[in-house]
Each structure stands twice: as structure tokens, then as C-alpha cells.
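Here are a few short exercises for you to work through with the model open in your viewer. Try each one yourself before reading the solution.

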Amino acid sequence: MARKPLIAGNWKMNNTIGEAVVLAQEISNEMEPDWLDAVDVAVFPPFTDLKPVYTVFEFDKLGVAVGAQNVFWEPSGAYTGEISIPMLRGIGCAYCIVGHSERRQYFGETNEDVNRKVAALVADGTQRIDPIVCVGESLAVRDEGSYLEFVEAQVKAAFAGIDAEAAAHAVVAYEPIWAIGTGRTATPEQAQEVCGAIRETLSALFGDVAAQMRVLYGGSMNEGNAELLLSQPDIDGGLVGGASLKAASFIQIVKAAL
Ligand code: PEP
């Protein structure tokens with residue numbers, strides 16, 4: 001089954017409102033309208049920049065989507081500092097990153113937290129916010145050789161208790177921790193091996209639905225390596241950090257997915 005690629009730019013904790021609007025405008029200016037027929041494009045600004053960035057893309061009508069970098073699973077209540085799914089819906093988010101390795105590492109997010117967030121996101125399909133579930137092994141796990149089992153366990157934990165119909169629009173991003181922000185990209189073969197294993201795991205969980213679920217690669221993807229990575233059979237796009245902060249680099253990666 002042909003899956004439409006997704007290029008997702010994770011801005012992390014970068015860009016004040018003014019800087020975010022300029023970057024969104026630069027991306028918009030360099031996009032050709034028909035590209036969005038062939039590739040989905042989304043950016044993930046910090047919460048404070050979501051609405052202004054959404055407004056830039058809405059005005060330009062190109063179809064570039066915005067997503068959040070995180071969410072809490074409860075719809076409302078006494079959870080100081082948290083942001084809920086209805087709040088993200090209210091500002092037009094189409095996607096939400098869940099379980100990024102930086103959240104697991106610095107903010108103690110567990111597989112159980114990831115599962116609760118994914119379950120909450122896929123529970124209500126009225127105005128979809130598709131989760132992008134991040135998985136990936138550390139260098140120690142890679143060197144020790146059990147990385148396929150490790151990633152498979154993360155995928156199973158993230159989707160525990162979720163049925164195929166609910167999971168159908170979820171995205172999984174394979175992001176080996178040793179490749180994030182390090183300039184050390186996984187080779188296309190390394191990335192394909194794990195993305196293929198992720199699809200097998202999804203297939204064991206969800207049957208035929210797995211063939212329509214997108215699996216992304218993330219980890220120092222840039223304009224120089226994107227084309228080869230994106231040509232792998234089980235890599236359906238990229239989750240791009242550093243290279244998404246410069247419009248010209250991000251656009252080159254989008255072009256590589258066309
Ligand atoms: C990321 O944080 O999701 C990421 C892949 O970062 P980078 O592209 O900078 O390695």
C-alpha cells in the first residue's frame with residue numbers, strides 16, 4: 001500500500017513568537033502548492049508559538065499542518081503547567097509528538113505515560129490529532145545488540161490496549177537516541193532494519209492496518225542524507241529536529257520526499 005510521506009519539523013524549545021512567525025513564513029514562501037498533494041508537511045513549534053504559526057499557514061492556504069510536542073492525557077483539571085487535547089484541538093493541531101526521547105530522558109516519561117497519551121489522542125476521532133509515537137534505543141542498547149527487542153517493546157507498550165481501528169492514523173517515529181542532535185545519522189540500512197521491524201510489530205498488533213500506518217525516521221536527518229533514508233521501503237518520512245530550524249534545509253528535505 002502506498003503511504004503518503006510525512007515530513008515533520010520538531011522545533012523543540014526554540015523560537016520566540018516573532019522568530020516562529022518568520023520561520024513559518026519562510027517555509028510557506030518556499031513551498032510549491034502542489035507539493036502537499038504528494039507529501040504531508042507539519043511543524044511542531046513550542047506551545048506558545050502554535051497559534052501564530054497556525055495562523056500563518058492558514059492564511060497561506062498551502063496545507064502545512066501544525067502539531068504539538070507533548071500533551072497531557074486528562075481533558076481538564078488541576079494539573080498546573082499541563083496542556084490538554086481539547087486545548088490543542090482549539091488551535092488547530094493535527095498531530096502531537098508523544099514520548100520523544102528528550103521527554104523520556106529529562107522529564108521521566110515512562111512507557112505507561114506514553115500509552116496513556118496515545119490512548120487519549122486516538123480515543124476521539126471527531127477532530128483528529130494523530131500521535132507521532134517516538135521510540136528508539138540508546139547507544140548502550142545498540143552496542144549490546146538488543147535494539148530490535150528494545151524498540152519492539154516500546155511500540156507494544158505505547159499501543160497497549162488500543163485496537164486497530166483507533167491506531168490506524170497513528171504514526172511511529174524511530175529515533176535512535178545516539179543519532180539525535182549528534183550529527184551521527186543511522187545508515188539507511190540501519191534505519192530500514194528497525195523501521196521494518198516496527199512495521200512487523202504493528203502488523204502483529206493490528207493486522208492489515210499496519211500497512212497504512214506511517215513509520216518515520218528521525219536522527220540528524222538533513223538535506224544531504226534525506227533522499228537515501230526516505231527511499232527505504234519502510235521509511236515513510238522524517239521527524240527532523242535541527243535541520244527544521246532553517247527554512248532552506250527543511251524545504252530541501254520536503255523536496256527529497258516528493
Ligand atoms: C528530534 O529531536 O526529533 C531529532 C530527530 O533531532 P535532530 O534532527 O536534530 O537529530
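The exercises below concern a predicted model, and each task is followed by a worked solution.

**Exercise 1. The ligand shell**

Find out which residues come nearest to the ligand, and sort the shell around the ligand by class.

*Solution.* Start by collecting the residues around the ligand: there are 14. Next, pick out those that come nearest, namely Lys12, His100, Glu175, Gly181 and Ser220. Finally, sort the shell by class, which gives 4 nonpolar, 8 polar and 2 charged residues.

**Exercise 2. Backbone contacts and burial of the ligand**

Look for polar backbone atoms of Gly181, Ser220 and Gly242 that lie close enough to ligand oxygen atoms to count as polar contacts, using a cut-off of 3.5 Å.

*Solution.* Begin with Gly181, where a backbone N or O atom is 2.6 Å from an oxygen atom of the ligand. Move on to Ser220: one of its polar backbone atoms is 2.7 Å from a ligand oxygen. Then check Gly242, whose backbone offers a polar atom 2.8 Å from an oxygen atom of the ligand. Now turn to the surface of the ligand: taken alone it exposes 290 Å², and the protein buries 95% of that. As a last step, ask which pocket holds the ligand. The ligand sits in the second largest pocket.

**Exercise 3. Following Arg3**

Locate Arg3 and trace the polar contacts of its side chain with Ala211 and Asp236.

*Solution.* First place Arg3 along the chain: it belongs to the segment before strand 1 (6-10). Then follow its side chain, which has a polar atom 2.8 Å from the backbone oxygen of Ala211. The side chain of Arg3 also makes a polar contact of 2.9 Å with the side chain of Asp236. To place this partner, note that Asp236 is in the loop between helix 11 (226-230) and strand 8 (237-240).

**Exercise 4. Buried or partly exposed?**

Decide whether Asp236 counts as buried or partly exposed, and do likewise for Ala157.

*Solution.* Recall the cut-off you need: buried means under 20% relative accessible area. Asp236 counts as buried because its relative accessibility is 5%. Ala157, in helix 8 (residues 147-158), has a relative accessibility of 22%, so Ala157 counts as partly exposed. To finish, take two C-alpha distances. Asp236 and Leu50 are 186 residues apart along the chain, with 25 Å between their C-alpha atoms. For Ala157 and Gly67, 90 residues apart in sequence, the C-alpha to C-alpha distance is 23 Å.

Technical notes:
Residues are numbered from 1 along each chain as its sequence is written. This is a predicted model: local features need pLDDT of at least 70, side-chain atom pairs count only at pLDDT 80 or more; totals for chains, interfaces and linings use all residues. Side-chain values use heavy atoms; hydrogens and water are left out. A residue is near a molecule or strand if one of its heavy atoms lies within 4 Å of it. A polar contact is a pair of N or O atoms within 3.5 Å; within protein, one must be able to donate a hydrogen and the other to accept it, and residues adjacent in sequence count only if both atoms are side-chain atoms. Accessible areas come from the Shrake-Rupley method with a 1.4 Å probe; for residues, only the protein chains shown count as cover. On a 1 Å grid over the protein atoms alone, a cavity is a set of points where a 1.4 Å probe fits but cannot get out, and a pocket is an open set with protein on both sides within 12 Å along at least five of seven lines; lining residues have an atom within 4 Å of a point. A molecule sits in a cavity or pocket if more than half of its atoms lie within 2 Å of its grid points. Ala, Val, Leu, Ile, Met, Phe, Trp, Tyr, Cys and Pro count as nonpolar, Asp, Glu, Lys and Arg as charged, and the others, Gly among them, as polar. Helices (H or I, at least four residues) and strands (E, at least two) are DSSP runs, numbered from the N terminus. Buried means under 20% relative accessible area, exposed over 50%, partly exposed in between (1.4 Å probe, protein chains only).
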